Amino acid sequence: MLQLPEIENAEITEVLDVSPAYIFYDETQPDSTLLNRKNLIITTNWLVNVDKRLTLKQAIPHIKFLQDKKRNAEMHKNEEAKNYFTCNDTSIGSLGFLEFTDVNYVTDTDSYKNNEPINDRIRTVHISFLSNDVFGLTEFYYGEQIKDEAMIIERHFNKEYFNSLRKNKNEIHLFFDKKLSFQNYIDFKHKVLKFTNEMSEISDEEFIY
């Protein structure tokens, strides 16, 4: 049985005109994953149901495959159709959804970093989720690194820590260790969205390393 990732207080609790895909945790498969996409309709909003026990290393290739399938569709394409991860919203005892339509998952991080420009006009923040216990935060301002530290998630990954990011315009890039579970990924990303405001521009590119 597929176990959905859990979140609290999802911003999106209803999506209409949908079709589902499933990425199962299945130990009988070579990579312990099984993708079922037979019910997808290209013109609808896609609900991607990913088992929370899978690692990002296991899940992301299937997610990228689904994204490419929709983006490269030539027949009956619907530019308004979006993609969502389906979650179990524990605050309401029902489903919640996290949109990922425009996310570009970068897995070849070594070659990408060599060409990645630092925005020298505003504060640039790299948040790296190193494990389910530790995250790193690196800040650049006018192209110069001004902060680089690692912290315990339980103590520091909260709204108070992000106070400064809510006061000054900044650009945030997210990095995730590929060994993190999909539950970790959903939890961390959802909280970043909750802890920040309109002063933060969160990059559509997410790095899986």
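Trainee: Which residue's backbone nitrogen lies 2.9 Å from a polar atom of the side chain of glutamine 58?

Mentor: This is a predicted model, where local features need pLDDT of at least 70, side-chain atom pairs count only at pLDDT 80 or more, and totals for chains, interfaces and linings use all residues. Residues are numbered from 1 along each chain as its sequence is written, and side-chain values use heavy atoms, with hydrogens and water left out. A polar contact is a pair of N or O atoms within 3.5 Å; within protein, one must be able to donate a hydrogen and the other to accept it, and residues adjacent in sequence count only if both atoms are side-chain atoms. The 2.9 Å partner here is threonine 55.

Trainee: And whose backbone oxygen does the side chain of glutamine 58 reach?

Mentor: Leaving out residues up to four places away in sequence, glutamine 58 touches Asp31, Ser32 and Thr33 (contact: heavy atoms within 4.5 Å). The backbone oxygen, at 3.0 Å, belongs to aspartate 31.

Trainee: Is glutamine 58 buried or exposed?

Mentor: Buried means under 20% relative accessible area, exposed over 50%, partly exposed in between (1.4 Å probe, protein chains only). Glutamine 58 has 18%, so the word is buried.

Trainee: Which helix holds glutamine 183?

Mentor: Helices (H or I, at least four residues) and strands (E, at least two) are DSSP runs, numbered from the N terminus. Glutamine 183 also counts as buried, at 18% relative accessibility. Beyond its neighbours within four places in sequence, glutamine 183 is in contact with Leu4, Pro5, Glu6 and Lys52. Its helix, residues 182-195, is H4.
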